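Dear colleague,

I am handing over a structure that you have not met before, and I would be grateful if you could read the notes under it with the model open beside you.

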Amino acid sequence: MAAPQLPLLPRTAAQAHQARHVLTVPGDVELDEIEVLALSRFSATRWDVVPAGILPGNVAGAPQVRRAQGKEVGVLRVSRHAVMNGPYLPAGEGFDLGVPPGAAMAFDIVCHRERGEVPFPAGDRDGIGRAFAAGMPEREERRLVEWLVAVARRLGGSLRLDVGGMWDAPGGSTAQPGAGVVLTPDAGAAIDMTVYSDVWLDPQAAHTILQKVHPRARLHMEGKEWGGPPQGIADKPLYPGDPLDPELRKKLHAAADDYDIKALTGPRILDGYGLIVDLDVDGIVAVEISGEEKLPRLLRGLPWAEQGAVRYWVHWEPHDLVESQREFPSMELRVARKRAAELVARLAGAVHAAAGGEIADEDGFLVDPSEL
């Protein structure tokens, strides 16, 4: 449970050009986790004011960072114009947040309000379009809202999103009716995982490893024979009125044919492959292996990842992709997704046990292998 000395969430904390979003989390969440999740997405993350509960040795440049005094809360800056204040009690000074029970701490996030077009009517898996029906957040606010949804999903929390105006405008006027929309992201909606490693497992080795997890795992490397370009293509213009000289056209096609023949008859270089597990009515789980240069932010400073890494992407492909992207999918889809999630975690764990490296969830946050 939250410590009793936490202050109530203040009623006014934003200016006219700012939006004010609130994240609530359960009592088993450590403040360090919030910081790490911010560092996972925003390179400028730093404590302007370090809250109680974080040891001095856990803060970069701790001697130079001011620590909170008395009931003062921490201030975590995630970008130039966005800060997260907290922790507070999950209750406001004279107002109700409206979040589900179970919250122990609240964080007040203030950023520039940047709104654009109305969302597509089809909706989205996380409910962002439903919340911002009058105009979707854009640029920095969009990135911040998407990160807050990912954090709430990861930590089992909820969000109160400022979708209208300030909760309390200067001069004492009250917030617009319905200005706050509460979202509780479904933790089971994001099940894909990725293993990043400096070890390349050849197809047969990966097949053997994954078959021990599920006997129906099979390599998916089938291709189709190519018979070359159609006959006579070098004699035809590219389009009606093509001014290219016929002899030059033949030379260009001949050079292209030589290049293709050299590539097809030379040594075969494997730069990617895949495996699949057919789950019948539940769809398939695929494992795609390839090189990757764009890594999660927390991996970019590691010596083994300086030149990129091998990416083992374990993901579920349901039969009904549209249903899987609904905010409130059918019970059949949720049951299938739960079964697939268990297999995704086991496959990712098996790959990590064999290749090492790090595991990231669908939102790019690192996952402890012991928690799979």
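Strand 14 (residues 358-361) is joined to strand 15 by 2 bridges, and the two run antiparallel; here helices (H or I, at least four residues) and strands (E, at least two) are DSSP runs, numbered from the N terminus, and two strands pair if DSSP finds at least two bridges between them. Within this pair, Ile-359 has Val-367 of strand 15 as its bridge partner.

Before going further, please note that this is a predicted model, in which local features need pLDDT of at least 70 and side-chain atom pairs count only at pLDDT 80 or more, while totals for chains, interfaces and linings use all residues. Residues are numbered from 1 along each chain as its sequence is written, and side-chain values use heavy atoms, with hydrogens and water left out.

The sheet that holds strand 14 and strand 15 is an open one of 7 strands, in the order 10-11-12-13-9-14-15, with antiparallel pairing. Its edge strands, each pairing on one side only, are strand 10 (217-219) and strand 15 (366-367). Helix 4 (residues 203-213) packs on this sheet and touches strand 10, strand 11 (272-278) and strand 12 (284-292), its direction making about 170 degrees with that of strand 10; contact means heavy atoms within 4.5 Å, and axes are lines fitted to C-alpha atoms, for helices over the stretch in contact, with angles running from 0 to 180 degrees between N-to-C directions.

There is also an open sheet of 8 strands, ordered 3-2-4-5-6-1-7-8, whose pairing is mixed. The edges are strand 3 (66-67) and strand 8 (180-183), each of which pairs on one side only. Strand 2 (residues 46-50) pairs with strand 3 in the parallel sense over 2 bridges, and Val-50 stands opposite Arg-67 in strand 3. Helix 1 packs on this sheet, touching strand 1 (18-25), strand 2, strand 4 (74-79), strand 5 (82-88) and strand 6 (105-112), with its direction at about 15 degrees to that of strand 4. Helix 3 lies across strand 1, strand 4, strand 5, strand 6 and strand 7 (158-162), and runs at about 10 degrees to strand 1.

The two helices just named also meet each other: the axes of helix 1 (residues 31-39) and helix 3 (residues 139-155) come within 11 Å and cross at roughly 140 degrees. That angle makes helix 1 oblique to helix 3, given that angles under 35 degrees count as roughly parallel, over 145 as roughly antiparallel, 65 to 115 as roughly perpendicular and the rest as oblique. Glu-33, Ile-34, Leu-37 and Ala-38 of helix 1 make the contact with Trp-147, Val-151, Arg-154 and Leu-155 of helix 3.

Some backbone details deserve a look, since most residues other than glycine have a negative phi, and most peptide bonds are trans. Gly-86 and Pro-87 are joined by a cis peptide bond with omega about 10 degrees, and Pro-87 is found in strand 5. Arg-139, which is not a glycine, has a positive phi of about 50 degrees; Arg-139 is found in helix 3 and is exposed, with a relative accessible area of 52%, where buried means under 20% relative accessible area, exposed over 50% and partly exposed in between (1.4 Å probe, protein chains only).

For the chain as a whole, there are 7 helices and 15 strands, and buried residues make up 44% of the 372 residues.

With best wishes
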